[in-house]
Amino acid sequence: YLPLPGAVADPWKLMLLDATFRAAQQMGHLIHYLRLSHHLIVLNYLICTFDLYQLESVSSEDIKVTDAVFDGVEVRVFEPPARGDESLKRGVVYIHGGGWALASARTSLYINLCRIMADSLKAVVVSIEYRLIPQARFPEQYLDALRATKHFLQPDVLAEYSVDPSRIAISGDSAGGNLAAAVCQQLSKEEDLTIRPKLQALIYPVLQAFDFNTPSYQQNRNMPVLPRHVMINYWLYYFNGNHELAHALLINNHTALDVGQALSFRGRLNWTSLLPPSFKKDYKPVVQTTGTAEIIQKMPALLDVRAVPLLADNETLQLQPKTYVLTCENDVLRDDGAMYAKRLENAGVDVTLDHFHNCFHGCMIFTLWPTDFSAAFQTRSSYIKWLDENL
């Protein structure tokens, strides 16, 4: 599958990136077939091993970088130098993407992003190194992110890092955006919590597994670097589900009209009313009359709001902080973010939906040669600008 001419910025670079990623996937599947290791472990090993830059964790003149453990969860902390005119700094909890299975807070792509955030915002950035598939499955990634965030929000920990308790954001991209949204929802409901995030910033987040035929899933079903079948597989890995169910999920058999468990959630994900006409275009909903109720019974997490934050009730959404959602046109997850932004707006939350017409899923982290996309600089600049103005 190739992107249409003009559909994305830097299309030839995207084709190169996609071809490289697919080659690494094939190598991982071969090793998996030989029963030497799980293919996701191999793929992540290749990603980390052939990281071209391997930016070290040592401190620089501008940013101090240290590793720590927050309530049993590894984190990497980026601290800007103290300024004479300001005693307390802003704080950002960042959760990396990768389908709950890939990447790391220690890869150059995320080290570079967090260093730039810490420097540009003069903020302490805590990058969470949550456990990955296959060693961990839902809800372990969510619980890691929640524990580390709650630890950071303790008054004595914030004081240790000279962070202003009233100026903290939680953020993440893709699967990290999923975890950030879920953690933020949980924090908003904990009555004994004295410090809560001021903001949440979600970068092309994955927020639902209810409908794999939203307009963006249909439009971008074969788009690099996250085609629809790959996103469905990530969900199955996350829930430790049987991959023979992939086709049933693809055609929405798990949320058919006769699947009683799904009925109460249907109104919360009605894209015909939540998306703007420019997103809906001429696409039609795919709603099966008769489906496969056993899928929900085997994987109840498909309707667990800790895994699918878009299905949260309005009472929970009303408690969310000021929110930024970044979406890309050439991304199966575009409508996840747009629907969440609209539901938050309907619940009375101050929301900014920042949509990029020529960008693709995952683009923001690719700022280093040879995968230095113009889309990355566009999205990163807009994201950091919003944080700077609102945090």
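His 361 is buried in this predicted model, with a relative accessible area of 7%; buried means under 20% relative accessible area, exposed over 50% and partly exposed in between, with a 1.4 Å probe and protein chains only. His 361 sits in the loop between β8 (351-360) and α16, where helices (H or I, at least four residues) and strands (E, at least two) are DSSP runs numbered from the N terminus. Leaving aside its neighbours within four places in sequence, His 361 is in contact with Ser 174, Tyr 204, Val 225, Leu 226, Asn 330, Asp 331 and Leu 333, contact meaning heavy atoms within 4.5 Å.

A few conventions help with reading the rest. The model is predicted, so local features need pLDDT of at least 70 and side-chain atom pairs count only at pLDDT 80 or more, while totals for chains, interfaces and linings use all residues. Residues are numbered from 1 along each chain as its sequence is written, and side-chain values use heavy atoms, with hydrogens and water left out.

His 361 also appears in an annotation. The unreviewed UniProt entry gives "active site" for Ser 174, Asp 331 and His 361; UniProt positions are given in the numbering used here, feature names are shortened, and annotations may be inferred rather than shown by experiment. These residues are spread over 188 residues of sequence, yet they cluster in space, with a largest C-alpha distance of 10.7 Å. Ser 174 is placed in the loop between β5 (163-173) and α6 (175-189) and, at 9% relative accessibility, counts as buried. Not counting residues up to four places away in sequence, Ser 174 touches Gly 97, Ile 203, Tyr 204, Pro 205, Val 206, Leu 333 and His 361.

Stepping back to the whole chain, there are 16 helices and 8 strands. Buried residues make up 58% of the 391 residues. Among contacts with a separation of 6 or more, 76% come from residues 24 or more positions apart.

Helix α16 (residues 374-390) can be described together with helix α3 (residues 108-121): their axes come within 10 Å and cross at roughly 40°. Axes here are lines fitted to C-alpha atoms, for helices over the stretch in contact, and angles run from 0 to 180 degrees between N-to-C directions. The two helices, α3 and α16, are therefore oblique to each other, given that angles under 35 degrees count as roughly parallel, over 145 as roughly antiparallel, 65 to 115 as roughly perpendicular and the rest as oblique. In this pair, Asn 112, Leu 113, Ile 116, Met 117, Ser 120 and Leu 121 of α3 meet Arg 380, Tyr 383, Ile 384, Leu 387 and Asp 388 of α16. Sorted by class, the contact of α3 with α16 has 7 nonpolar, 2 polar and 2 charged residues; Ala, Val, Leu, Ile, Met, Phe, Trp, Tyr, Cys and Pro count as nonpolar, Asp, Glu, Lys and Arg as charged, and the others, Gly among them, as polar. Lys 122 lies in the loop between α3 and β4. Its phi is near 50°, a positive value in a residue other than glycine, and at 27% relative accessibility Lys 122 counts as partly exposed.

Beyond β4, the peptide bond from Phe 138 to Pro 139 is cis, with omega near 10°, and Pro 139 is in the loop between β4 (123-129) and α4. Gln 141, in helix α4 (residues 140-152), counts as buried at 0% relative accessibility. The C-alpha atoms of Gln 141 and Tyr 130 are separated by 5.8 Å, with the two residues 11 apart along the chain. Outside its neighbours within four places in sequence, Gln 141 has contacts that include Trp 100, Leu 179 and Tyr 238.

Tyr 238 is also one of the buried residues of α8. In helix α8 (residues 228-238), 9 of the 11 residues are buried, so the helix is largely enclosed by the rest of the structure. Val 225 lies in the loop between α7 (215-219) and α8, and the peptide bond from Pro 224 to Val 225 is cis, with omega near -5°. Just after α8, Asn 240 takes a positive phi of about 55°.

Helix α15 (residues 334-346) holds Leu 344, which is buried with a relative accessible area of 0%. Arg 334 lies in α15 too and is likewise buried, with a relative accessible area of 0%. Leaving aside neighbours within four places in sequence, Arg 334 has contacts including Pro 215, Phe 279, Glu 329 and His 355.
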